[in-house]
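User: I am new to reading protein structures, and I would like to learn how to go through one feature by feature. Could you guide me?

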Amino acid sequence: MENVIVVNNLTKKFGHFTAVDNISFEVKKGEIFGFLGANGAGKTTVIRMLCGLSRPSAGNATVAGFDIRHQSEKIKANIGYMSQKFSLYEDLKVWENIKLFAGIYGMKKKDIALKTDILLEELGFQDEKQTLVSALPLGWKQKLAFSVAIFHNPKVVFLDEPTGGVDPVVRRQFWELIYKTAEKGITVFVTTHYMDEAEYCDRVSIMVDGRIEALETPKALKEKFASNSIDDIFYQLARNAKRTDD
Amino acid sequence: MKEFLTFTKKEFIHIFRDTWTMMIILVLPLVMMVLFGYAVTTEIGNTNIGVLDYSKDEITKSIINRIQESEYFTLSNSFNSYQEIEPSFKASENSLVIVFGENFSENLLHLKKADIQIIADGSDPNSARTLVSYASNIIGTTLKDLNKAPVSSYEITPELKLLYNPLMKSSYNFVPGVMGFIIILVCAMMTSISIVREKEKGTMELLLASPTKPIIIIVSKVIPYFIIALINIITIFIVSYFIMGVPINGSLFWISTLCILYILVSLSLGILISTVADTQLMALVISAIILLMPSMLLSGMLFDIGSMPLILQGIAQAMPAKWFISAIRKLMIMGVDVRYVWSEFLALIIMLTVIIGISLRTFKKRME
């Protein structure tokens, strides 16, 4: 399997503070890669660098075959991104949001119209096409935001804590969407706080104080730490953390 | 170009769907025009005046008649003694009292000197000064017309002649002021709030992670406010020219250039504020305290800059509104050639360059 993300000795410093400390890993095509870590461990900083939103202080990485230092624009055209905050335009209608972001990623009008109807049907949102996003329940918004992030068929989609504040039923549905996406060959790079979600990932990495302390399949991780819950393993690793918060 | 239009259209939708934004950008300018035009007026009209006439001869009578006929004064009180005057001020029955001494005509004819006293309410010094000068003007012209003016005293009575604004219409003053204020409001405050809103809601992050160049994101966010500011300016011009009778004496080309330059300065201020502020509230507070209030108070719109304390005069120089208002007054009302406003143009151009420079640097730093 080809690697979609390759990270080599990536480091990010803010003044004297080393937010990301010399990390390396690879992510394969179509993989669901869980990126765990406590608050302030440096997860968001890594995602921001991989998306071309922030420049690394040292080291390098490629995403979808493009260099994050010099080809950030090509990377941006080939990824989808869903940030921590729910972020679609609340004062735009459902179809207007889809059309806006699809247009930004250079999709053709005809394709957008066609795909919008398919998407809304898949999500069961047919009746909400003309609804303002602000009128949707939070869980629906999250699903819509995710669908918009993969609407232009990117090679990788970065999800930064996509299920924060959502009830278990919707989280379950959300993960079904993630599986479907991975089946299409889109690589999913996801950070989460919920350890049960880590079990759904193909591989998980655990970040502590800017370094990656563990990177295995959930099964191998449990064997290695002789524990049957990722939650325990995470706690074992994270309690040594010096940083407490962002 | 295509994504440019997409973004601009989206921005217009944000504006049209937000009732408060619509109110501020469309209704507020008209409200301000009406307020300043008809309510907060510094003109004198229908002022009540009282008279205490110890002579009651034909000259005093004709002076009183003239005063009564003038559009500025209405005779409300005729006093019989000096003691009645102060209570009348306290009861707000009149804002001005004229007292004629005894034997006014005779003294004037024989002694070439007669006593006249004008009493005004000094608690409002600005209007008191104006009222006194109006009243003395009327007295002077009446005496001159009656040809009774004593050579020695009344020939040197200064006759007031106000260039460019002979009727002392305050609209000549406030129209440039309202323009200066509205543009700062729409371009600096509304723009900064709308950019910061995207930061706060997280959509800015989404846009930055897309292939769209940051410069296109910002410029397309700003364009709708540019267009709205133009519409506001044109509305103000139309209302002031056709309804309030404010003249447009200078070259339309240079007036438009000036307005566009000032709009650009204000927009760049909005962008600068948005790079500094993290929340909409912060953007609102910064624009209100650093821009709106000084633009209102220190721009020369309400108070004369020359008579302010030095430190305030210094702050006033840093206000784009001050330079704009000064230039638009000269161009529009005095109708001067553009070479007389080069310093205003230069100041605005320097401000534009500096502000854009700082915003670019702050923006890049944030990206690092």
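Analyst: We will take a helix, then a sheet and a hairpin, and finally the contact of two chains. This is a predicted model, in which local features need pLDDT of at least 70, side-chain atom pairs count only at pLDDT 80 or more, and totals for chains, interfaces and linings use all residues. Residues are numbered from 1 along each chain as its sequence is written, while chains are lettered from A and ligands numbered from 1 in the order in which they are written.

User: Which residues are buried in helix α9 of chain A?

Analyst: In general, an α-helix has 3.6 residues a turn, so residues three or four places apart point the same way. In α9 (residues 230-238) of chain A, the buried residues are Ile230(A), Ile233(A) and Phe234(A); buried means that 20 or more other C-beta atoms, placed from the backbone, lie within 10 Å of the residue's own. Seen down the axis of α9(A), these buried residues fall within an arc of 100°, so they line one face of the helix, the arc being that of the directions from the helix axis to the C-beta atoms. They pack against β3 (32-37), α7 (195-198), β9 (203-208) and α8 (218-224) of chain A. Helices (H or I, at least four residues) and strands (E, at least two) are DSSP runs, numbered from the N terminus.

User: What is the order of the strands in the open sheet of chain B?

Analyst: Two strands pair if DSSP finds at least two bridges between them. The four strands of this open sheet follow the order β2-β1-β3-β4 (chain B), with mixed pairing. At the edges are β2 (73-79) and β4 (116-120) of chain B, each of which pairs on one side only. Between β1 (residues 47-53) and β3 (residues 96-100) of chain B the pairing is parallel, over five bridges, and Ile49(B) has Leu96(B) in β3(B) as its bridge partner.

User: Which residue takes a positive phi in the hairpin of β4(A) and β5(A)?

Analyst: Strand β4(A) is joined by two bridges to β5 (residues 66-67) of chain A, and the two run antiparallel. The hairpin has two residues between its strands, and Ala64(A) takes a positive phi near 55°.

User: How many residues does each chain give to the contact?

Analyst: Chain A gives 17 residues and chain B gives 18 residues, where two residues are in contact if their C-beta atoms, placed from the backbone, lie within 7 Å. On the side of chain A that touches chain B, the elements giving two or more residues are α2 (72-78) and α3 (94-104) of chain A.

Key:
A residue is buried if 20 or more other C-beta atoms lie within 10 Å of its own, exposed if 12 or fewer, and partly exposed in between; C-beta atoms are placed from the backbone.
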